[in-house]
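Colleague: Could you take a close look at the charged side-chain pairs in this one for me? Then please work inward from there, and spell out your cut-offs as you go.

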Amino acid sequence: MSGSNNTKTLLAQSLQDLMRTHPLEKISVNDIVDHAGVGRNTFYYHFADKYDLVNWCFQKGIMQFLTENPTPGNWQTIAEQLEQYFRENQVFYTNALSYTGQNNLREYIQQFLCAILIQRLREAQAIQGQKEELSEEELRFAGNFLSGALMGILLPWVQSGMKGHIGNCYNCLRCLCSGRMIQIFFSVPPEENNS
């Protein structure tokens, strides 16, 4: 591991240690560097602020987790992998996801998931050899929609103390995407049909 990565890892560990006993909003950069035994300049050489460090912790952790647990990726697999990873790091993510201000982890995770889902849609299209490929606009829409749906499931689950399994929502999503729920939602109420 390079010196830069060692320092980033040290700062990340310092933040995670502090988050076991303090809310993220109450932890300052001074707290992080004092706990890590490094100077403020070292922190700012690597990160713009503590939220940048939180996002780096997620990116490093989830990429390591996904590398160690590679599986073919569909929506259910992604949800199950996220669930396992979040359970293994429950204190950190419960604390980090409670912050909703600027540069928050919620937005970062959604952007990350969107990029992964778009990539997986591209790969699935190539494997299936579809005659009509989705346009870039359709891929972006699908990535945004599915990552938003996943975050809509993930956040309440984290806030509930990670009770139950987020992977169980897969059947509801399949029902939605198959059109059954959409037909019910978008169907015209009977009283409007008679006009």
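Modeller: Let's start with Asp17, which counts as partly exposed at 25% relative accessibility; the scale here calls a residue buried under 20% relative accessible area, exposed over 50% and partly exposed in between, with a 1.4 Å probe and protein chains only. Bear in mind that this is a predicted model, where local features need pLDDT of at least 70 and side-chain atom pairs count only at pLDDT 80 or more, while totals for chains, interfaces and linings use all residues. Residues are numbered from 1 along each chain as its sequence is written, and side-chain values use heavy atoms, with hydrogens and water left out.

The side chain of Asp17 meets that of Arg20 in a salt bridge, at 2.6 Å from N to O; the term covers a side-chain nitrogen of Lys or Arg within 4 Å of a carboxyl oxygen of Asp or Glu. Arg20 is exposed, at 53% relative accessibility. As a rule, side chains of opposite charge can pair when their charged atoms come close.

How many salt bridges does the structure hold? There are three. Another joins Glu83 to Arg87, with 3.3 Å between N and O. Both of these residues sit in helix H5, four residues apart, or about one turn of the helix (helices are DSSP runs of H or I with at least four residues, strands are E runs of at least two, and numbering goes from the N terminus). Glu83 is buried, with 8% relative accessible area, whereas Arg87 comes out as partly exposed at 33%. While we're in H5, Gln81 lies there too, and Gln81 is buried at 8% relative accessible area. Its C-alpha is 8.4 Å from that of Phe65, a residue 16 places away along the chain.

Then there's Arg122 with Glu136, whose side chains meet in a salt bridge at 2.6 Å, N to O. Arg122 belongs to helix H7 and Glu136 to helix H8, so this pair ties together parts that are 14 residues apart in sequence. Both ends are partly exposed: Arg122 has a relative accessible area of 31%, and Glu136 has 41%.

Now inward. The largest nonpolar core has 44 residues, and Leu15, Leu53, Phe58 and Phe86 have the most contacts inside it; such a core is a set of buried Ala, Val, Leu, Ile, Met, Phe, Trp, Tyr and Cys residues joined through side-chain atoms within 4.5 Å. Helices H1, H2, H4, H5, H6, H7 and H8 each supply at least two of its residues, with the largest share, nine residues, coming from H4. Phe86 is worth clicking on: leaving out residues up to four places away in sequence, Phe86 touches Phe58, Tyr93, Leu97, Ile109, Leu154, Trp157, Val158 and Met162, where contact means heavy atoms within 4.5 Å.

Finally, H2. Which of its residues are buried? They are Val29, Ile32, Val33 and Ala36. Looking down the axis of H2, these fall within an arc of 90°, so they line one face of the helix (the arc is taken from the directions from the helix axis to the C-beta atoms). Their cover includes H1, H3 and H4. Just past the end of H2, Gly37 takes a positive phi of about 75°. Over in H3 you'll find Thr42, partly exposed at 29% relative accessibility. The C-alpha atoms of Thr42 and Lys8 are separated by 9.4 Å, with the two residues 34 apart along the chain.
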